[in-house]
Amino acid sequence: MTHHRIELDWMGQKIITLRDLWPPNLRAVIVGINPAPRSVEIGHYYQGNMGQALFRRLRNLGILDQQTDGFEDDQALRIGIGFTDVVKRPTSNAAEVKPEELAFGRSILEAELAARQVPLVIFAFKKAAETMLGKFHGNGFISTSALGNASAFVMPGPYESAATANATLKDLQDYWGH
């Protein structure tokens, strides 16, 4: 099975990380803060418990198939969902990411999103969204001009009440079905 590991220069340092995944039939991109070491080790996005929760939600919405023949990021690529992170350096905890890395990554990602004319940006975590969009309240679809013509959706947090999370996710399901 293919993996998505790559060696690249990140702020003057050679690192092993996950490459950005941009499908040719781009419908959306999922943006995280930075990759977890476990994901880099395996070579696929969102391989830890929190990441698997993201994929479970996408399966429950009918965006991804319940059964996969490998890794969910590969399945998502086939239906037009890409993957990237604001910061490329893997850490065990997003709190280990330095403010200068967030600023550096933000400028690169803004240019990449604009160049690719991404229709929908799905932020896996609120911190990724706040890095790109600034402070805001809530989650779900966020009104912003910071991403050009792209719609922005922030996934509900892991401690969100089930009722609120389900209502928010229903909006994403409705959008995806259009």
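These legends describe close-up views of a predicted model.

**View 1. The largest pocket holds about 480 Å³ of space.**
Its lining consists of 22 residues. Asn34, Ala36, Met50, Ser92 and Phe125 lie nearest the centre of this pocket. Two elements give two or more residues to the lining: helix H1 (37-42) and helix H2 (49-60). H2 provides the largest share, three residues. By class, the lining has ten polar, nine nonpolar and three charged residues.

**View 2. The second largest pocket holds about 330 Å³ of space.**
Here 18 residues form the lining. Nearest the centre of the second largest pocket are Arg57, Ala124, Pro156, Gly157 and Pro158. Which element gives the most to this lining? H2 does, with six residues. The lining divides into ten nonpolar, four polar and four charged residues.

**View 3. Met11, Phe104 and Ile108 make a nonpolar surface patch.**
The patch covers about 250 Å². Met11 is found in the loop between strand E1 (5-10) and strand E2 (13-18). Is Met11 buried or partly exposed? Met11 counts as partly exposed because its relative accessibility is 38%, and the partly exposed class runs between 20% and 50%.

**View 4. Gly105 is a buried residue of helix H4.**
Helix H4 spans residues 99-116. The relative accessible area of Gly105 is 2%, so the residue counts as buried. The cut-off for buried is under 20%. Gly105 and Asp85 are 20 residues apart in sequence. In space, 8.1 Å separates the two, C-alpha to C-alpha.

**View 5. Asp20 and Lys88 form a salt bridge between distant parts of the chain.**
The closest N and O atoms of Asp20 and Lys88 are 2.5 Å apart. In sequence, the partners are 68 residues apart. Asp20 sits in the loop between E2 and strand E3 (28-32). Lys88 sits in the loop between strand E4 (81-85) and H4. Which exposure class does each partner fall into? Asp20 counts as partly exposed, because its relative accessibility is 24%. Lys88 has a relative accessible area of 11%, so Lys88 is buried.

**View 6. Glu130 forms a salt bridge with Lys135.**
How far apart are the closest N and O atoms? The distance is 3.5 Å, and the rule for a salt bridge asks for a side-chain nitrogen within 4 Å of a carboxyl oxygen. Glu130 is partly exposed, at 22% relative accessibility. Lys135 is exposed, with a relative accessible area of 74%. Exposed here means over 50%.

**View 7. Lys170 and Asp174 form a salt bridge within helix H6.**
Helix H6 covers residues 162-177. Lys170 and Asp174 are four residues apart, about one turn of the helix. Their closest N and O atoms are 2.6 Å apart. Are these partners buried or partly exposed? Lys170 counts as partly exposed, because its relative accessibility is 41%. Asp174 is also partly exposed, with a relative accessible area of 42%. How many salt bridges does the model contain? The count comes to seven, among them Lys170 with Asp174.

Notes
Residues numbered from 1 in each chain as written. Predicted model: local features only at pLDDT ≥ 70, side-chain atom pairs only at ≥ 80, totals over all residues. Heavy atoms only, no water. 1 Å grid on protein atoms, 1.4 Å probe; cavity = no way out; pocket = protein on both sides within 12 Å on 5 of 7 lines; lining within 4 Å. Points joined across faces, edges and corners; volume = space filled by probe spheres on them. Nonpolar A, V, L, I, M, F, W, Y, C, P; charged D, E, K, R; others polar. Patch = residues over 30% accessible without salt bridge, like charges linked within 9 Å, V, L, I, M, F, W, Y side chains within 5 Å. Areas by Shrake-Rupley, 256 points an atom, 1.4 Å probe, with all protein chains shown as cover. Buried < 20%, exposed > 50% of the residue type's maximum accessible area, 1.4 Å probe, protein only.
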